Each structure stands twice: as structure tokens, then as C-alpha cells.
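Grab a viewer and a coffee, and let's work through a few exercises together. Try each task yourself before you read its solution.

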Amino acid sequence: MRIATIRGRLTLVVPQGAIDVADASAGRFGPDPQSAFDDWDAFRRWADRVDAQAEPYADDELGPPVPAPRQVFAVGLNYVRHAAESGLPLPAEPLVFTKFPSSITGPTGSITLSGDTVDWEVELVVVIGRTARDVDPEEAWSYVAGLTVGQDLSDRSVQNAGSPPQFSLGKSFAGYAPLGPVLVTVDEFDDPGDLRVSTLVDGEVRQDSRTSDLVFDVPQLISRLSRIVTLGPGDLIFTGTPEGVGLGRTPPLYLRAGQELVTEIEGIGRMWHRMEARS
Ligand code: ZN
């Protein structure tokens, strides 16, 4: 199942187009996208049987599939080869920060650069579907509503300004957490633990890796986070970025106004953004 937000409304995406959930369910679910996650099992049962006319839609009508999560977790240094390019040892526990929800935006459109050291980070984003507390790794996938594509855009100057560095603000400028184009439920993947993830800037490949290189995989992240905090429906986990970030280059290479950023994950889809200068 593929779920999207179209013109701000919870939507099912099917091969023929889009089904507005509030209309098709006579108001039982939607139009608030969060309503699907808050009653996930019932929503799945309803959606599996839905019989409604699909309507065409345009890509630029898509918003973030989770526009207003209560909690957003993000994980640093969580790919083996990215830790190596950063010159840092593999962490013994996940390095967790937040991207504040006001940084979330949709899968297309323009993003205003906060400065001249803004970096790209393609990330698989997990959307939680059930309240999770003290979850065993073996059970963790059953707490996931689905997966979507994210960018953890990062102003490296702000991120590394402090001593010790505090990551969250430098990664939370408006538009620095694009999500989309859709949320795909776990059953749609042959192996949700091994997906190709990539970033292109002006058509040039900057990141091209697989989630099988994760240090802490999705079940480990859910298990370890849920031993400390209660995860709730619609919460997001940005699972970390693979090698190929601009900071890892000599000299570093960052996003410039006018550039086109494409972010893609196998089996989910592709986001497209134009970088704009701050006025
Ligand atoms: Zn990141």
C-alpha cells in the first residue's frame, strides 16, 4: 500500500491515480494524514478493501506523507562507509538527535539555503504505526507503518559550531526535512533491510549505497530507542546517511543556489528540489 498527502489530505495512491481517504471512507479516516497512523490496524483493514474511483493528480500536489509528527528521531554515523569517510569510529550506541518538525516539507519544490555549507544526506525514514515501548528487535518491523524517502539537509557550519557540537538546529532550517513522495508499507518490499539509496545534484551521482550497510538497522533502532522513549504512531526515524556527503570530500563540496537535488530510494520513489539563495 502507498499512502500520500495530496493538497493536505490523506490519500491512497494506486496505479490508476489517487483515492481521497476522507471521501472514500465517509469521514471515518482523514483528511488529516495523522488519522491513519493513530488507528493504523483499522486503517489497514479499511484500505485493503476500499473500492473507490481513483483520480489523477500532479506530482507538485504531493506534500510530506507525515506532515506533523509528534517526535522525529535522526541518527548520525549510521553507515559503515560514512563513518569511515568522516574519520570516526563506529558508534557503540546510536547517535541520536532531532530534526524539529517545522523543518518538514514535501517531495518537490524549492528549498532556501541557509548559507554556503549546506550538505545533502539521503536517508531512509521509518514511520511508526503503533505505540512502541521496550520492543525486541525480532518484533520491531511489526511496529512500522511504512518507509519513505527523506533528506537530512545539514548546515555544517551551524551543526559544528558548538563544542561539543549540537546537531539538531543546523539540520532544522525550514525545508531541511523533505519527505515523500509516498509512504510504502513494509509488505511491499522483498527485503526492506536492503534498499538502494541515492542523491544526485544536477544529475551527478553524489551518494549511491544500500541500507544493508547500516550500523544499526531498522529493528535495532526501534528496539534501542523504545527502551528509552515511547514511540508513537506517526513518529519518524531518519535512519542516517551513507557515504558520499559533501563534507567527506577534499575540499568539501556543498549545495549552491540554482542546483537541482534529486533523492531516491528503491521501491519508494524520488524527490526533486531546487536550491534557492536566501534573500
Ligand atoms: Zn543524517
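Below are five exercises, each with a worked solution.

This is a predicted model, where local features need pLDDT of at least 70, side-chain atom pairs count only at pLDDT 80 or more, and totals for chains, interfaces and linings use all residues. Residues are numbered from 1 along each chain as its sequence is written, and side-chain values use heavy atoms, with hydrogens and water left out.

**Exercise 1. Find the protein donors of the zinc ion and place them along the chain.**

Step 1: look for donors (N, O and S atoms within 2.8 Å of the metal, or 3.2 Å for Na, K and Ca; water is not among the atoms, so sites may look incomplete). You should land on Glu 121 (OE), Glu 123 (OE) and Asp 152 (OD), at 1.9 to 2.1 Å from the zinc.

Step 2: write out the spacing, which is E-x1-E-x28-D. Glu 123 and Asp 152 link distant parts of the chain, 29 residues apart: Glu 123 belongs to strand S10 (residues 122-128), while Asp 152 is in the loop between strand S11 (144-151) and strand S12 (154-155). Helices (H or I, at least four residues) and strands (E, at least two) are DSSP runs, numbered from the N terminus.

Step 3: check burial (buried is under 20% relative accessible area, exposed over 50%, partly exposed in between; 1.4 Å probe, protein chains only). Both Glu 123 and Asp 152 come out buried.

**Exercise 2. Which residues of helix H3 are buried, and what covers them?**

Step 1: walk along H3 (residues 40-49) and pick out Trp 40, Ala 42, Phe 43, Arg 44, Trp 46 and Ala 47 as the buried ones.

Step 2: search for contacts (heavy atoms within 4.5 Å). The cover includes strands S1 (2-6) and S2 (9-14), helices H1 (21-24) and H2 (34-38), and S11.

**Exercise 3. Split the protein into domains and describe their contact.**

Step 1: take the bounds, which come from an automatic or database domain assignment: domain 1 is 2-57 and domain 2 is 72-276.

Step 2: their C-alpha centres turn out to be 26 Å apart. The contact draws 10 residues from domain 1 and 15 residues from domain 2.

**Exercise 4. Where are the cis peptide bonds?**

Step 1: scan omega. Ser 163 and Pro 164 are joined by a cis bond with omega about 0°, and the bond from Thr 250 to Pro 251 is cis too, with omega near -10°.

Step 2: locate the prolines. Pro 164 is in the loop between H5 (156-159) and strand S13 (177-184), and Pro 251 is in the loop between strands S16 (236-238) and S17 (260-265).

**Exercise 5. Track down Ala 26 and Asp 202, and say how exposed each is.**

Step 1: recall the background. Most residues other than glycine have a negative phi, and most peptide bonds are trans.

Step 2: read off phi. Ala 26 isn't a glycine, yet its phi is positive, about 50°; Asp 202 isn't one either, and has a positive phi of about 50°.

Step 3: place both. Ala 26 sits in the loop between H1 and H2, and Asp 202 in the loop between strands S14 (196-201) and S15 (204-210).

Step 4: check accessibility. Ala 26 is exposed at 75% relative accessible area, whereas Asp 202, at 47%, is partly exposed.
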